[in-house]
Amino acid sequence: MIRLMFTIVAGVVLGLVVHLVSVLALPRIATQDAYSRLTPMTKLNGVTQLPLADPQTSPMPFMDPAFAIAICRYDLAGGPLKLTVPVSQAYTSVSFYTRNEIAYYAINDRSAGKKVIELDLMTEAQHNELPEDEEVTAADRLIIDSPSTTGLIVMKALAAEPGLMPQAQASLQTATCAPQTEPPAKAEAPRGRR
């Protein structure tokens, strides 16, 4: 009886270990992950609008047909990116993923509190190289540190009704995701009194 219980417990433990290892390893060894699927149809460091969700031709599984979706496939090796996403009438969200599909940041129009979601995306090393500017506060400039140099930015605009889909798509068409062309502003040295 003890031998039978030991065999059952050993089988359950072995099954749990195999299941856990396969679940953790699968995203790293999968050949058709989101980044690989979107690479041929998206621009690097640019915004590409995806076609509307259709069960037969959808580029990604489980796409919501109520959302217009745009993708920015980024590479920060050449420097930081500036992302600008106009807010749609109903709801707009921006989500950030590493190359291995790990979500590391998300923001929506409600939390941004503005008509346009603007932020700078860079690696931690690039962020550390920025000069400190006392006049530019965290509220003035939103900087996101990416844990990897490559990844995906997913922008979604909700069409509250089917007839509002063209408006949601139009708001994402004006989104930009491009390398920063101007260096960050440096603070002027304070002038001393004589």
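## Burial and surface

Of the protein's 194 residues, 33% are classed as buried. The structure described here is a predicted model. The protein exposes about 12,700 Å², and 60% of this area is supplied by carbon and sulfur atoms.

## Secondary structure and contacts

The protein contains 5 helices and 9 strands. Read from the N terminus, the order of elements is α-α-β-β-β-β-β-α-β-α-β-β-α-β. The chain thus opens with two helices, followed by a run of five strands, and ends with a strand.

Contacts across the sequence were also examined. Among those between residues at least 6 apart in sequence, 70% join residues at least 24 apart.

## The disulfide

The structure holds 1 disulfide, in which Cys72 is joined to Cys177 with an S to S distance of 2.0 Å. The pair connects distant parts of the chain, its two members being 105 residues apart. Cys72 belongs to strand S2 (residues 67-75), whereas Cys177 lies in strand S9 (residues 176-179). A disulfide of this kind is a covalent bond between the sulfur atoms of two cysteines.

The torsion about the S-S bond of Cys72 and Cys177 is about -55°, and the disulfide is therefore left-handed.

## Environment of the two cysteines

Both partners can be assessed against the cut-off for burial, which is under 20% relative accessible area. Cys72 has a relative accessibility of 0% and therefore counts as buried. Cys177, in strand S9, has a relative accessibility of 4%, so Cys177 also counts as buried.

How values were computed. Residues are numbered from 1 along each chain as its sequence is written. This is a predicted model: local features need pLDDT of at least 70, side-chain atom pairs count only at pLDDT 80 or more; totals for chains, interfaces and linings use all residues. Side-chain values use heavy atoms; hydrogens and water are left out. Helices (H or I, at least four residues) and strands (E, at least two) are DSSP runs, numbered from the N terminus. Buried means under 20% relative accessible area, exposed over 50%, partly exposed in between (1.4 Å probe, protein chains only). Contact means heavy atoms within 4.5 Å. Accessible areas come from the Shrake-Rupley method with a 1.4 Å probe; for residues, only the protein chains shown count as cover. A disulfide is a pair of cysteine sulfur atoms within 2.5 Å.
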